[in-house]
Amino acid sequence: ESLPLPSRPSIAIMPFAYLCGDPAQDYLADGLRLDIQAALVKASGLFLIAPNTVVRYRNAEISAEDAGRQMGVRYVLEGAVRR
């Protein structure tokens, strides 16, 4: 079920994939995602989905677009990290 979209710009930063194959290194991808989130928090008027809400979509069998709809955001950022 989709949530209504907020009136201001909204974004969810999805958990980044770590491309080096070692799940123990996920902290690197999480750190980068949280750094981006912290930088965006400073942008006035931007509605961000909390990291603890977004993390439930890690390894989920759902597209980022569908996850964004479920969270009620206009934009979704997804990415990957390689070391």
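## Report on the predicted chain

The place of Ala-12 is in strand S1 (residues 10-13), where helices (H or I, at least four residues) and strands (E, at least two) are DSSP runs numbered from the N terminus. The model is a predicted one, in which local features need pLDDT of at least 70, side-chain atom pairs count only at pLDDT 80 or more, and totals for chains, interfaces and linings use all residues. Residues are numbered from 1 along each chain as its sequence is written, and side-chain values use heavy atoms, with hydrogens and water left out.

### Overall architecture

The chain holds three helices and five strands. Read from the N terminus, the order of these elements is β-β-α-β-α-α-β-β. The C-alpha trace spans about 40 × 30 × 15 Å along its principal axes. The radius of gyration of the chain is 13 Å, which agrees with the value near 12 Å for a compact globule of 83 residues; the radius is taken over C-alpha atoms, and the globule rule is 2.2 Å times the number of residues to the power 0.38.

Of the 83 residues, 30% are buried, the term standing for under 20% relative accessible area, with exposed for over 50% and partly exposed for values in between (1.4 Å probe, protein chains only). The accessible surface of the chain comes to about 5,400 Å², and carbon and sulfur atoms account for 52% of that surface; the areas come from the Shrake-Rupley method with a 1.4 Å probe, and for residues only the protein chains shown count as cover.

Contact here means heavy atoms within 4.5 Å. Among contacts between residues at least 6 apart in sequence, 72% join residues at least 24 apart.

The chain carries 9 positive and 9 negative side chains, and the centres of the two sets lie 8 Å apart. In this count Lys and Arg are positive and Asp and Glu negative, while His and the chain ends are not counted; each charge is placed at NZ of Lys, CZ of Arg, CG of Asp or CD of Glu.

### The nonpolar cores

A nonpolar core is a set of buried Ala, Val, Leu, Ile, Met, Phe, Trp, Tyr and Cys residues joined through side-chain atoms within 4.5 Å. The largest such core has nine residues, namely Ala-12, Met-14, Ile-49, Val-54, Tyr-57, Ala-64, Ala-67, Met-71 and Val-73. Helix H3 (residues 64-71) gives the most to this core, with three residues. Apart from this core lies another, of seven residues, including Ile-11, Ile-13, Phe-16 and Ala-29.

Two members of the largest core illustrate its surroundings. Ala-12 counts as buried because its relative accessibility is 0%. Beyond its neighbours within four places in sequence, Ala-12 contacts Ile-49, Val-54, Met-71, Val-73, Tyr-75, Val-76 and Leu-77. Met-14, with neighbours within four places likewise left aside, is in contact with Arg-33, Val-54, Tyr-57, Ala-64, Ala-67, Met-71, Val-76, Leu-77 and Glu-78.

Gln-37 belongs to helix H1 (residues 26-41). At 7% relative accessibility, Gln-37 counts as buried. Outside the four places to either side in sequence, Gln-37 is in contact with Ile-13, Leu-48, Ile-49 and Pro-51.

### Loops and terminal segments

Gly-45 is found in the loop between H1 and strand S3 (47-48). Its relative accessibility is 38%, so Gly-45 counts as partly exposed. Not counting residues up to four places away in sequence, Gly-45 touches Arg-8 and Pro-9.

Asn-59 sits in the loop between helix H2 (51-54) and H3. The phi angle of Asn-59 is near 60 degrees, a positive value in a residue other than glycine. With 74% relative accessibility, Asn-59 counts as exposed.

Ser-7 is placed in the segment before S1 and is exposed, with a relative accessible area of 78%. Arg-82 lies in the segment after strand S5 (80-81) and, at 68% relative accessibility, counts as exposed. Leaving out residues up to four places away in sequence, Arg-82 touches Leu-19 and Cys-20.

The table sets sequence separation beside C-alpha distance for selected pairs.

| Pair | Separation in sequence | C-alpha distance |
|---|---|---|
| Arg-82 and Leu-19 | 63 residues | 5.2 Å |
| Gly-45 and Pro-6 | 39 residues | 11 Å |
| Ala-12 and Gly-31 | 19 residues | 15 Å |
| Ser-7 and Ala-24 | 17 residues | 39 Å |
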